[in-house]
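Reader: I have the sequence and the model open at my bench. Could you walk me through the strands and charged pairs, one question at a time?

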Amino acid sequence: MIGLKTIYIILLLSFCLLIKSQTIQFENYTSKDGLISDEVYNLHQDNNGYIWLFTNYGAMKYNGKEFKSVLKNLPFSESFIYCIYENKNGRKWCVNSNTKIYEIKNDSAFLVKGTDNLSKKLGVVFQIFVDDSLEMYLSSYQYSYKFSLKTYK
């Protein structure tokens, strides 16, 4: 015979299945919503909660309500960002399709000194990491490279 506790548990579980509180709600954003391009190649959520979107036409930042263009100081030919890294202190670096390394400050990109000739050696960079001692690690399809930023502060 089924006890009262068993019936209560079955009713509770049945009720929980009917509630949709744990379902994920997806939203689709396009250029109609303010996005600069429908082709987004990379995403990053920064320490402040902004979503950075990197498209074939430039970079944007989303605050949950509106899109804002960022890295506008880059010419169009330099604005296709392949990878980005942000450390725990909020400093950001990115690498573009021309293998130029930039530090991002106040939503603008500044070329990292001493990295001008790396594009010939590295090819396409798909990952960047900067540790606490400002050693930068870059990975490409051909090579991995370590670069010290301390020298170029």
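**The sheet and its charged pairs**

Author: Happy to! An open sheet is formed by 4 strands in the order 5-6-7-8, with antiparallel pairing. Strands here are DSSP runs of E, at least two residues long, numbered from the N terminus, and two strands pair if DSSP finds at least two bridges between them. This is a predicted model, where local features need pLDDT of at least 70 and side-chain atom pairs count only at pLDDT 80 or more, while totals for chains, interfaces and linings use all residues. Residues are numbered from 1 along each chain as its sequence is written, and side-chain values use heavy atoms, leaving out hydrogens and water.

Reader: Which are the edge strands of this sheet?

Author: An edge strand pairs on one side only. In the order 5-6-7-8, that description fits strand 5 and strand 8.

Reader: Why is strand 7 described as largely enclosed by the rest of the structure?

Author: Let's look at burial, where buried means under 20% relative accessible area, exposed over 50%, and partly exposed in between (1.4 Å probe, protein chains only). Strand 7 covers residues 101-105, and it is largely enclosed because the buried residues number 4 of the 5.

Reader: What is the bridge partner of C94 in strand 7?

Author: Strand 6 (residues 92-96) pairs with strand 7 in the antiparallel sense, over 4 bridges. Within strand 7, V95 has I101 opposite. For C94, the bridge partner is Y102.

Reader: Which residue takes a positive phi in the hairpin of strand 7 and strand 8?

Author: Strand 7 and strand 8 (residues 108-111) run antiparallel and are joined by 4 bridges, with K105 partnered by S108 in strand 8. Their hairpin has 2 residues between the strands. The one with a positive phi, near 50 degrees, is N106.

Reader: How many salt bridges does a search of the whole structure find?

Author: Side chains of opposite charge can pair when their charged atoms come close. The cut-off is a side-chain nitrogen of Lys or Arg within 4 Å of a carboxyl oxygen of Asp or Glu. By that rule, the search of the whole structure gives 6.

Reader: Which residues are linked with D107 in a network of salt bridges?

Author: D107 forms a salt bridge with K61, their closest N and O atoms being 3.0 Å apart. That pair links distant parts of the chain, with D107 in the loop between strand 7 and strand 8 and K61 in strand 3 (residues 58-62), 46 residues apart. D107 also meets the side chain of K68 in a salt bridge of 3.1 Å, N to O. The network therefore joins D107, which is buried at a relative accessible area of 17%, with K61 and K68.

Reader: Is K68 buried or partly exposed?

Author: K68 sits in strand 4 (residues 67-70), 39 residues from D107. Its relative accessibility is 46%, so K68 counts as partly exposed.

Reader: What is the relative accessible area of K100?

Author: K100 forms a salt bridge with E78, with the closest N and O atoms 3.5 Å apart. E78 lies in the loop between strand 4 and strand 5 (81-86) and K100 in the loop between strand 6 and strand 7, so the pair ties together parts that are 22 residues apart in sequence. E78 counts as buried at 10% relative accessibility. K100 is partly exposed, with a relative accessible area of 32%.
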